[in-house]
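Hi everyone, thanks for making time for this. I'd like to walk you through one model today, so please get the structure up on your screens and follow along.

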Amino acid sequence: MIEFTHEQRLAIDYPSSMVLTACPGSGKTAVIVEKIVLDLASCKEFQGVIAISYTNKASDELKRRCLKALPDSKSSFFGTIDKFYLTEIIYQFLNHLWGGVNNLQVVRFNDLDSVVKDSLSVFFNAEYVCENIDVFDFKEIKNLYAKGFLVLEFIPLLAYFILCKSLACRRYISKKYNSMYIDEYQDAGFIQHLIFLKLFGFGVKTVAVGDIDQSIFLYAGKSSKYLMSLLDDDSGFKPFEITINHRSHSSIVNYASRMLSENCELLVTDDTQVYRTTINGSQQEVAKWIDDNINNVKQTFGISKEREIAILAATNSSVLLMSGLVRTKLRAYIDDDLSKLGGDVSLLIKELLSYRFNVLVTAQEIIDGLSIKVVERNALREMRNVIKYVRKADDSNFIPALRQAVNLLINKDFSAQHIDAVNAVLQNKMMLNNYLPVGDDELQLMTLHKSKGLEFDFVFHLDLYDWILPRREFIEGSFDLVFSNYEQCLNLHYVGVTRAKKAVALINSTERLNYQHELKRAKPSQFLSLRGVEGLYRNI
Ligand SMILES: Nc1ncnc2c1ncn2[C@@H]1O[C@H](COP(=O)(O)OP(=O)(O)OP(=O)(O)O)[C@@H](O)[C@H]1O
């Protein structure tokens with residue numbers, strides 16, 4: 001049981017719309033859970049909260065923690081923003097505006113033919129379209145809808161359009177939900193921000209939670225400027241801040257803070273648990289060094305399970321490389337095409353894959369995650385049976401079993417891309433790992449991006465090389481240092497360092513294999529010579 005700090009208590013007890021900025025490990029999840037539990041106490045059975053997380057994994061964790069504190073989450077929505085757009089707005093209300101369509105499919109813009117693409121190009125300028133939402137009739141998107149297609153890239157825009165045009169939708173949301181929480185607001189997109197403000201405008205209590213210094217998805221069109229705008233004096237959102245990192249050793253907190261702010265005050269600490277080493281050789285020798293030191297790390301830091309130790313790398317190709325080099329048993333993760341495909345069919349397939357490969361996932365959890373609440377007993381039994389068959393089916397019947405479940409649960413069909421993506425997952429151990437339960441004896445190897453929101457006793461932070469972290473741009477004929485996005489890279493490094501609870505090792509080497517497996521001379525990352533961190537680490 002956590003004893004909340006004063007600053008956590010203030011954030012928990014505030015009853016209206018607010019913005020909470022939270023440093024890594026400051027217990028924001030604990031604060032959100034406590035606030036949701038309080039909100040649910042005053043909800044009727046048909047009401048609930050909207051809780052938006054950045055990933056399905058984070059959402060499952062939030063839901064699990066809420067249900068632990070209060071067994072009935074009433075009619076709450078837990079999920080990603082994309083799932084919210086689809087299940088709570090588009091599938092419920094687009095038919096009110098444009099009439100019903102059978103077998104609606106989500107397609108990608110790039111898979112459309114070029115004439116259709118041209119007619120849709122204006123919708124990529126979301127800011128312009130939203131500013132002029134009253135004059136846009138979305139005719140081109142409507143034509144595709146009439147043929148049974150939704151374009152993946154325009155789902156957020158379409159959700160916003162519906163929210164603006166459909167009184168029924170606005171009534172439904174404001175009657176059903178008494179509050180909306182959005183976590184990781186520093187990575188909010190433009191439309192997400194508009195929808196958040198819109199709900200605030202029609203009286204839903206809205207709570208944004210984030211950390212500007214952990215903004216790492218600028219490349220995907222996300223930006224911390226929306227979080228910053230909520231912090232403006234006249235935003236209407238009361239600001240709160242939780243500042244104590246309860247996760248990491250104080251020397252790690254000091255190192256991380258000084259990375260961002262050269263002169264910030266330091267916590268009192270009698271020990272240094274940030275280590276640095278430069279390995280002679282390339283990633284091959286780095287891998288060997290990790291293998292040689294695992295037992296030492298376990299003993300020194302009292303770690304009993306390898307799963308509490310992470311190896312964090314800058315890119316998917318570095319994860320692939322290290323997975324072939326480290327000899328200690330490990331679990332390596334890379335993104336699969338289902339994540340890239342998006343849409344509700346992909347989301348459900350991902351849940352069904354977890355169900356097939358992880359006995360801890362239950363059929364009821366999948367049913368609870370559906371947007372339509374089923375209460376009729378025979379229908380429920382039928383749903384449970386098709387889901388259970390996804391686990392029982394032998395390999396040759398697995399894809400038909402998945403397809404049958406998707407058909408019955410959300411009345412949708414697979415596309416060829418879904419089948420390709422599932423086959424790729426089944427054939428690629430690292431993609432499949434996203435769905436398998438983790439063994440206690442496995443080190444965790446993943447990208448820094450993927451480590452967001454996770455915590456480990458010990459972190460090996462790799463790829464601290466010039467050119468890689470921070471990423472640099474090659475300019476023909478010039479030796480000037482030009483960084484692609486210095487701040488985002490620094491945030492990524494910050495996320496990596498702050499995943500560690502007990503200690504972190506920052507590693508570089510004198511050579512490196514690049515993504516084409518060519519051996520290059522390697523210089524240390526510019527982040528290793530930040531002035532603020534001098535004296536805050538130990539060389540080993
Ligand atoms: N008041 C507190 N006292 C002691 N421990 C706390 C307190 N609040 C939170 N913690 C612990 O600190 C750790 C981090 O909390 P939590 O996972 O909620 O952090 P977070 O802010 O969501 O982290 P991040 O943003 O870095 O992912 C957890 O182990 C949690 O139990």
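**A walk through the model**

Let's begin in the middle of a sheet: strand 10, residues 309-313, runs parallel to strand 13, residues 456-461, and the two are joined over four bridges. If you want a residue pair to click on, take Ala310, whose bridge partner in strand 13 is Val459.

Before I go further, a word on confidence, since this is a predicted model. The average pLDDT for the protein is 91, and 99% of the residues score at least 70. For the complex, the predictor reports an ipTM of 0.96 and a pTM of 0.83.

Now back to that sheet. It is an open one with seven strands, ordered 11-12-10-13-14-9-17, and the pairing is parallel. At the edges you find strand 11 (330-332) and strand 17 (538-539); each has a single partner strand, so one side of each has no neighbour in the sheet. As a reminder, strands in a sheet pair through backbone hydrogen bonds, and they can do that in a parallel or an antiparallel way.

While we are around strand 13, have a look at the loop between strand 13 and helix 23 (486-497), where Pro470 sits. The peptide bond from Leu469 to Pro470 is cis, with omega near 5°.

There is another open sheet to show you, this one with six strands in the order 3-2-6-7-1-8, again with parallel pairing. Which strands stand at its edges? They are strand 3 (77-79) and strand 8 (238-242), and each has a single partner strand, so one side of each is left open in the sheet. From one strand to the next, the twist averages 15°. Strand 3 pairs with strand 2, residues 48-52, in the parallel sense over three bridges. Within that pairing, Ile50 is opposite Phe77 of strand 3.

Let me zoom out to the domains. Domain 1 covers 6-80 plus 166-242, domain 2 covers 83-165, domain 3 covers 250-334 plus 436-539, and domain 4 covers 337-427. Taken over C-alpha atoms, the centres of domain 3 and domain 4 are 36 Å apart. In UniProt, an unreviewed entry lists residues 1-249 as "domain: UvrD-like helicase ATP-binding". That span, residues 1-249, is 46% helix and 14% strand, and its end C-alpha atoms lie 20 Å apart.

One backbone detail to mark on your screens is Phe138, in the loop between helix 6 (126-131) and helix 7 (139-146). Phi of Phe138 is near 60°, which is a positive value in a residue other than glycine.

Finally, the ligand, which I expect many of you were waiting for. How many residues surround it? There are 16, and the closest are Pro24, Gly27, Lys28, Thr29 and His246. Helix 2, residues 28-41, supplies the largest share of the shell, with three residues. Sorted by class, the shell around the ligand has eight polar, five nonpolar and three charged residues.

That's my tour. Thanks for listening, and I'm happy to go back to any view you'd like.

How values were computed: Residues numbered from 1 in each chain as written. Predicted model: local features only at pLDDT ≥ 70, side-chain atom pairs only at ≥ 80, totals over all residues. Near = placed C-beta within 6 Å. Nonpolar A, V, L, I, M, F, W, Y, C, P; charged D, E, K, R; others polar. pLDDT = per-residue confidence, 0-100. Domains from an automatic or database assignment. Pairing = 2+ DSSP bridges. Axes fitted to C-alpha atoms, helices over the stretch in contact; angles between N-to-C directions. UniProt positions renumbered as here; feature names shortened; annotations may be inferred.
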